[in-house]
Amino acid sequence: MDVVIDHDGNILVVDANAFEGFRGGVIKVDPVSGTQTVVSSGGSFDSPAAIAIEADGNLLITDYRAANGEPTLFRVNPTTGDQHILASGLPFRSLTGVKVVPVA
């Protein structure tokens, strides 16, 4: 499980086992009310492990065993939940973290 705060102050949680069949996804939590909203689940996700937010607000999600059976790096639209595979397979072996570092 990994957690980040989005540009609006919402808490975004990636949970590898949050949904039916122990499939993972991304959940948004309102920090005031505690209301949980599904951002993205199903699709090509299997066991998402880490999350980061790009400057434009899109999410980077790692999954060490995506639906294709390979470690996969996704870009996810936080509004629509659409998943886009950026890279998958070798030389990735175990994608368990992701971080966005601003360019100076």
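**An all-strand chain and its aromatic pair**

Ile 27 is located in strand 3, where strands (E, at least two residues) and helices (H or I, at least four) are DSSP runs numbered from the N terminus. The model is a predicted one, in which local features require pLDDT of at least 70 and side-chain atom pairs count only at pLDDT 80 or more, while totals for chains, interfaces and linings use all residues. Residues are numbered from 1 along each chain as its sequence is written, and side-chain values rest on heavy atoms, with hydrogens and water left out.

With a relative accessible area of 13%, Ile 27 is buried (buried means under 20% relative accessible area, exposed over 50%, and partly exposed in between, for a 1.4 Å probe and protein chains only). Outside its neighbours within four places in sequence, Ile 27 is in contact (heavy atoms within 4.5 Å) with Ile 11, Leu 12, Val 13, Ala 18, Phe 19, Gln 36, Thr 37 and Val 39. The C-alpha atoms of Ile 27 and Val 14 are 6.4 Å apart in space, and these residues are 13 apart in sequence.

The protein chain as a whole contains zero helices and eight strands, in the order β-β-β-β-β-β-β-β along the sequence. Its radius of gyration, 13 Å, is close to the 13 Å expected from the globule rule for 104 residues, so the protein chain is as compact as a globular protein of that length; the radius is taken over C-alpha atoms, and the rule is 2.2 Å times the number of residues to the power 0.38. Along the principal axes, the C-alpha atoms fill a box of roughly 40 × 40 × 20 Å. Of the 104 residues, 38% are buried. Among contacts between residues at least 6 apart in sequence, 31% join residues at least 24 apart.

The exposed area of the protein chain is about 6000 Å², of which carbon and sulfur atoms supply 52%; accessible areas follow the Shrake-Rupley method with a 1.4 Å probe. The side chains include 6 positive and 12 negative ones, and the centres of the two sets are 7 Å apart. Lys and Arg count as positive and Asp and Glu as negative, without His and the chain ends.

Rings of Phe, Tyr and Trp (its six-membered ring) pair if their centres lie within 6.5 Å, with planes under 30 degrees apart counted as stacked, over 60 as edge-to-face and the rest as tilted. This rule gives one aromatic pair. The ring centres of Phe 45 and Phe 74 lie 5.0 Å apart and their planes are at 90°, so the pair is edge-to-face. Phe 45 belongs to the loop between strand 4 (36–41) and strand 5 (48–53) and Phe 74 to strand 7 (residues 72–76), so the pair ties together parts that are 29 residues apart in sequence. Phe 45 is buried at a relative accessible area of 0%, and Phe 74 is likewise buried at 0% relative accessibility.

Both aromatic residues also touch Ile 61, which is placed in strand 6 (residues 59–63) and is buried at 0% relative accessibility. Not counting residues up to four places away in sequence, the other residues touched by Ile 61 include Val 14, Val 26, Pro 48, Ala 50 and Leu 73. Ile 61 and Arg 75, 14 residues apart in sequence, are separated by 6.4 Å from C-alpha to C-alpha.

Val 32, by contrast, is exposed, with a relative accessible area of 79%. Val 32 occupies the loop between strand 3 (23–29) and strand 4. The C-alpha atoms of Val 32 and Asn 10 are 9.0 Å apart, and the two residues are 22 apart along the chain.

Notes:
The place of a charge is taken as NZ of Lys, CZ of Arg, CG of Asp or CD of Glu.
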